[in-house]
Amino acid sequence: MAKRKIANLLALAVLSLLTERPMHPYEMLAVMRQRELTTVIKVNQSSLYSVIEALLREKWIEPLETQREGRYPERTVYATNEAGRAELIDWLRSLIRRPAVEYTQFAAGLALLGNLSPDEVAALLKEHLEVLDQQISVCRTTLARAEKIGVDRVFVMEDLYSLTLLEAKHGFLAQLVLDINNGTVTMFAEGKRVWKVTRPDLAALSSEQLDEYNDSETGSSTEN
């Protein structure tokens, strides 16, 4: 996949909004908040203006007019053009077609949780689960409100996706807490719970090395 000239997802949102109709930055920000796009795309006023400048440099949007309302300063109204609309479609296709590698802080924490004691990890995960419960409740409330007022399902896909991920994460972490407490991934040594490590020699192997190890094990068992 070719590297994009502008990788900021806020630029994608701006292109999408301006494809619907011309807007000035303040209106873009208001619409994004109204549609709760800010839950999936990081945005603030300064980052929005930076993205608009980048889109102008690439000639994917263009200024239409300058408006002035009451005591507010002048506001430039922008619109997308043919090149911008083509970039929007191409960008969306690439996002939906192929999963991207996403580096999350929590996944990094899981990869290194062996540095903490199992009991502390279980306590921390319980706190995490409480936060997930709140997020799941908010997401379900948002979807219920949207359904009640008749919002079409196609416009809440990101909320449905978020809810699915939250519920899956909740299930995984709840099971991990159980596994810590029931001895699936832990054991007792010197009167305290520790992580169960039966093959430390395999823990440091890369995926390629694991493949080689499996091949060698398979070969040895075949010879026997």
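Helices and strands here are DSSP runs, counted off from the N terminus. With that in hand, Glu-190 can be placed in the loop between strand 3 and strand 4. The structure is a predicted model, and the rest of this passage walks through it from the overall layout down to single residues.

The secondary structure adds up to nine helices and four strands. Along the sequence, they come in the order α-α-α-β-β-α-α-α-α-β-β-α-α. The chain has 224 residues, and 27% of them count as buried. About 15,800 Å² of the chain is exposed, with carbon and sulfur atoms supplying 54% of that area. Contacts often bridge long stretches of sequence: taking those between residues at least 6 apart, 56% join residues at least 24 apart.

Helix 1 is a good place to start. This helix has twelve residues and spans 17 Å from first C-alpha to last, close to the 16 Å expected at 1.5 Å a residue. Asn-8 caps the N-terminal end of helix 1, with a side-chain oxygen 2.8 Å from the backbone nitrogen of Leu-10. Buried residues of helix 1 are Leu-10, Ala-11, Leu-12, Ala-13, Val-14, Leu-15, Leu-17 and Leu-18. Their cover includes helix 2, helix 3, helix 4, strand 1 and strand 2.

Much of this ties in with the largest nonpolar core, which has 26 residues. The members that touch the most others are Leu-10, Val-14, Met-28, Met-32, Leu-48 and Leu-55. At least two residues of this core come from each of helix 1 (9-20), helix 2 (25-34), helix 3 (45-57) and helix 4 (82-97). Helix 1 gives the most, with eight residues. Val-14 shows how the pieces meet: leaving aside residues up to four places away in sequence, Val-14 touches Met-28, Met-32, Leu-48, Val-51 and Leu-55. Apart from this core lies another, of 18 residues, with Val-121, Cys-139, Leu-173 and Val-177 among them. As a general point, nonpolar side chains in soluble globular proteins tend to be buried together.

Strand 1 (residues 61-67) and strand 2 run antiparallel and are joined by six bridges. One of the pairings links Ile-61 with its bridge partner Thr-80 in strand 2. Strand 2 (residues 75-80) is mostly covered, with five of its six residues buried.

Further along comes helix 7, which covers residues 157-182. Its 26 residues reach 37 Å from the first C-alpha to the last, close to the expected 38 Å at 1.5 Å a residue. The buried residues in helix 7 are Asp-159, Leu-163, Leu-166, Leu-173, Leu-176, Val-177, Asp-179 and Ile-180. These residues pack against helix 5 (105-111), helix 6 (118-149), strand 3 (186-189) and strand 4 (192-195). Right after helix 7 comes Gly-183, with a positive phi near 90 degrees.

Two other residues have a positive phi without being glycines. Lys-59 sits in the loop between helix 3 and strand 1, and its phi is about 60 degrees. Because exposed means over 50% relative accessible area, Lys-59 counts as exposed at 61%. Glu-190, the loop residue placed at the outset, has a phi of about 55 degrees. The relative accessible area of Glu-190 is 82%, so this residue is exposed as well.

Two further residues fall between buried and exposed. Ser-50, found in helix 3, has a relative accessible area of 44% and is therefore partly exposed. Ser-50 and Ala-11 are 39 residues apart in sequence, with their C-alpha atoms 9.4 Å apart in space. Asp-133, in helix 6, is partly exposed too, because its relative accessible area is 40%. Between the C-alpha atoms of Asp-133 and Glu-167 the separation is 8.8 Å, although the two residues stand 34 apart along the chain.

How values were computed:
Residues numbered from 1 in each chain as written. Predicted model: local features only at pLDDT ≥ 70, side-chain atom pairs only at ≥ 80, totals over all residues. Heavy atoms only, no water. Expected span 1.5 Å × (residues − 1). Buried < 20%, exposed > 50% of the residue type's maximum accessible area, 1.4 Å probe, protein only. Contact = heavy atoms within 4.5 Å. Core = buried A, V, L, I, M, F, W, Y, C linked by side-chain atoms within 4.5 Å. Pairing = 2+ DSSP bridges. Areas by Shrake-Rupley, 256 points an atom, 1.4 Å probe, with all protein chains shown as cover. Polar contact = N/O pair within 3.5 Å; in protein donor to acceptor, adjacent residues only side chain to side chain.
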